[in-house]
There are 2 protein chains.
Amino acid sequence: MTKNKIRLGVYLFPMPVVLIGANVNGKPNFETLAYVGMVESKLPLIAISSYETHYTNRGIRENGTFSVNTPSEGMVEVTDYCGITSGKEVDKSEVFDVFYGELKTAPMITHAPLNLECKVVKTIKIKEIVDIEEGHDLFIGKVEGAYADDYYLTEELPDITKLKPFVYSRNKYWKVGEFIENAFTVGKNYKKE
Amino acid sequence: MTKNKIRLGVYLFPMPVVLIGANVNGKPNFETLAYVGMVESKLPLIAISSYETHYTNRGIRENGTFSVNTPSEGMVEVTDYCGITSGKEVDKSEVFDVFYGELKTAPMITHAPLNLECKVVKTIKIKEIVDIEEGHDLFIGKVEGAYADDYYLTEELPDITKLKPFVYSRNKYWKVGEFIENAFTVGKNYKKE
């Protein structure tokens with residue numbers, strides 16, 4: 001075996017980039033996250049993991065709601081800005097034009113191509129499940145509403161080639177590249193030698 | 001506001017693609033997942049969400065371990081194959097050359113460029129937190145070991161340009177594209193007009 005054991009790290013390649021919105025003391029705040037994943041398709045449910053001391057977490061706890069906004073490539077600078085600044089020190093309520101959906105308390109970014117408003121159905125404090133003094137809050141949110149401009153849709157569904165989202169990996173942002181193959185299809189060609 | 005409310009769906013753009021490994025009745029089995037996300041950096045912890053009736057889930061419950069294998073672009077066909085076949089009907093134990101790490105029960109794919117062996121620290125049955133009859137199991141795993149060939153490393157860390165992972169979105173696989181900007185850096189240029 002030629003494999004080497006390497007030192008541990010955050011080794012998920014790549015991760016999606018989203019802007020999480022929450023109202024803190026009644027004012028919109030946004031933070032950038034790559035620790036995000038789908039957990040259920042039926043409702044649907046999405047999980048985000050945000051460090052417990054973050055300003056955004058206060059708002060999520062306060063209202064039991066948050067938004068997930070997908071930025072496009074063109075928004076990379078402002079997206080990164082929301083990741084390197086804290087609402088504790090900088091008022092980010094004026095950074096974006098904001099709208100609200102049916103949950104009323106999850107601020108969404110008008111100019112982001114896709115917005116989800118989510119209601120928290122479960123919170124897991126990571127420090128309560130493993131031996132660390134401080135850690136992330138894992139919020140599982142039920143997506144209650146999804147919003148997009150017509151411009152980003154193909155046959156009424158968001159189209160990745162129009163959204164132009166980007167991904168994160170090891171302190172760098174990357175574009176989504178070329179189409180490779182159709183899922184649930186190309187695997188039918190597989191034959192074990 | 002020009003936003004339209006659109007019908008709900010799985011709207012995370014894009015999602016990483018991984019092969020989850022587990023021993024079921026002592027034999028390796030693999031399934032393809034895009035419902036995966038980091039949840040903690042310190043240990044680190046990774047969460048995967050796999051439908052409760054899946055064959056792989058049996059093995060994860062049986063051993064309390066699983067592996068996360070990052071396939072490269074060249075593995076797209078076999079990766080999709082593992083997503084469209086169930087271990088209930090097809091023996092996938094011979095699909096890959098397999099190795100084991102310190103956990104002993106989490107089979108890893110030798111030819112995948114990056115492998116993580118994980119110990120389950122928390123399982124959340126989605127049907128117990130929302131009103132559905134059947135759903136996903138969310139497994140939070142502590143990464144206990146990470147493995148890679150030298151070929152895929154730059155300064156001893158996995159390099160996305162060498163791994164060549166791919167992503168999933170709406171029934172299609174896509175390459176990771178060009179570098180855009182440095183994270184934690186480009187946002188310093190942001191100035192609100």
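In strand β15(A), Lys175(A) is the bridge partner of Phe166(A). That bridge belongs to an antiparallel pairing of β14(A) with β15(A), which runs over 4 bridges. Keep in mind that you're looking at a predicted model here.

Zoom out from that pair and you get an open sheet of 6 strands with antiparallel pairing, drawn from both chains. Reading across, the order goes β2(A)-β14(A)-β15(A)-β15(B)-β14(B)-β2(B). Which strands stand at the edges? They are β2 (15–16) of chain A and β2 (15–16) of chain B; each has a single partner strand, so one side of each has no neighbour in the sheet.

**How the two chains meet**

The contact draws 95 residues from chain A and 94 residues from chain B. On the chain B side, strand β15 (residues 172–182) gives the largest share, with 11 residues. Sorted by character, the chain B residues that touch chain A come out as 57 nonpolar, 18 polar and 19 charged.

The chains also pair up through another set of strands. Strand β11 (residues 136–148) of chain A runs antiparallel to strand β1 (residues 4–6) of chain B, with 3 bridges between them. There, Lys5(B) in β1(B) sits opposite Tyr147(A).

What about symmetry? To lay chain B on chain A, you rotate by 180° with 0.0 Å of shift along the axis, and the RMSD is 0.0 Å. That's the relation of a two-fold axis. In chain B, the residue that comes closest to this axis is Gly177(B), whose C-alpha is 1.8 Å away. The copies meet through the same surface, because 100% of the interface residues of chain B are interface residues in chain A as well.

**Buried spots**

The largest nonpolar core holds 120 residues, and the members that touch the most others are Ile46(A) and Ile46(B). Skipping neighbours within four places in sequence, Ile46(A) is in contact with Val36(A), Met38(A), Val39(A), Val68(A), Leu116(A), Cys118(A), Gly141(A), Val143(A) and, from across the interface, Leu12(B).

On the chain B side, Leu116(B) sits in strand β10 (residues 114–125). Is Leu116(B) buried or exposed? With 27 other C-beta atoms within 10 Å, Leu116(B) counts as buried. Beyond four places in sequence, Leu116(B) touches Ile46(B), Ser67(B), Val68(B), Val143(B) and Ala146(B), plus Tyr11(A) from the other chain. Leu116(B) and Ile20(B) are 96 residues apart along the chain, and their C-alpha atoms are separated by 9.6 Å.

Trp174(B) takes us back to strand β15 of chain B. Trp174(B) is buried too, with 24 other C-beta atoms within 10 Å. The contacts of Trp174(B), again leaving out residues up to four places away in sequence, include Val176(A), Gly177(A), Glu178(A), Phe179(A) and Ile180(A) from chain A. From chain B, Trp174(B) touches Pro14(B), Phe166(B), Val167(B) and Ser169(B). Gly26(B), on the other hand, is 148 residues from Trp174(B) in sequence and 34 Å away in space, C-alpha to C-alpha.

**Backbone oddities**

Most residues other than glycine have a negative phi, and most peptide bonds are trans. Here are some exceptions to check in your viewer.

| Site | Feature | Angle |
|---|---|---|
| Leu43(A) to Pro44(A) | cis peptide bond | omega about -10° |
| Leu43(B) to Pro44(B) | cis peptide bond | omega near -15° |
| Lys104(A) | positive phi | phi near 70° |
| Asn171(A) | positive phi | phi about 70° |

Where do these sites fall? Pro44(A) lies in the loop between β5 (36–40) and β6 (45–51) of chain A. Pro44(B) is in the loop between β5 (36–40) and β6 (45–51) of chain B.

Lys104(A) belongs to the loop between β8 (98–99) and β9 (108–109) of chain A. Lys104(A) is exposed, with 11 other C-beta atoms within 10 Å. As for Asn171(A), look in the loop between β14 (166–169) and β15 (172–182) of chain A. Asn171(A) is exposed as well, with 9 other C-beta atoms within 10 Å. That loop brings us back to the strands where we started: β14(A) and β15(A), paired in the antiparallel sense.

Conventions:
Residues are numbered from 1 along each chain as its sequence is written. Chains are lettered from A and ligands numbered from 1 in the order in which they are written. This is a predicted model: local features need pLDDT of at least 70, side-chain atom pairs count only at pLDDT 80 or more; totals for chains, interfaces and linings use all residues. Two residues are in contact if their C-beta atoms, placed from the backbone, lie within 7 Å. Helices (H or I, at least four residues) and strands (E, at least two) are DSSP runs, numbered from the N terminus. Ala, Val, Leu, Ile, Met, Phe, Trp, Tyr, Cys and Pro count as nonpolar, Asp, Glu, Lys and Arg as charged, and the others, Gly among them, as polar. Two strands pair if DSSP finds at least two bridges between them. Copies are superposed by least squares on the C-alpha atoms of residues with pLDDT of at least 70 in both. A residue is buried if 20 or more other C-beta atoms lie within 10 Å of its own, exposed if 12 or fewer, and partly exposed in between; C-beta atoms are placed from the backbone. A nonpolar core is a set of buried Ala, Val, Leu, Ile, Met, Phe, Trp, Tyr and Cys residues joined through C-beta atoms within 7 Å.
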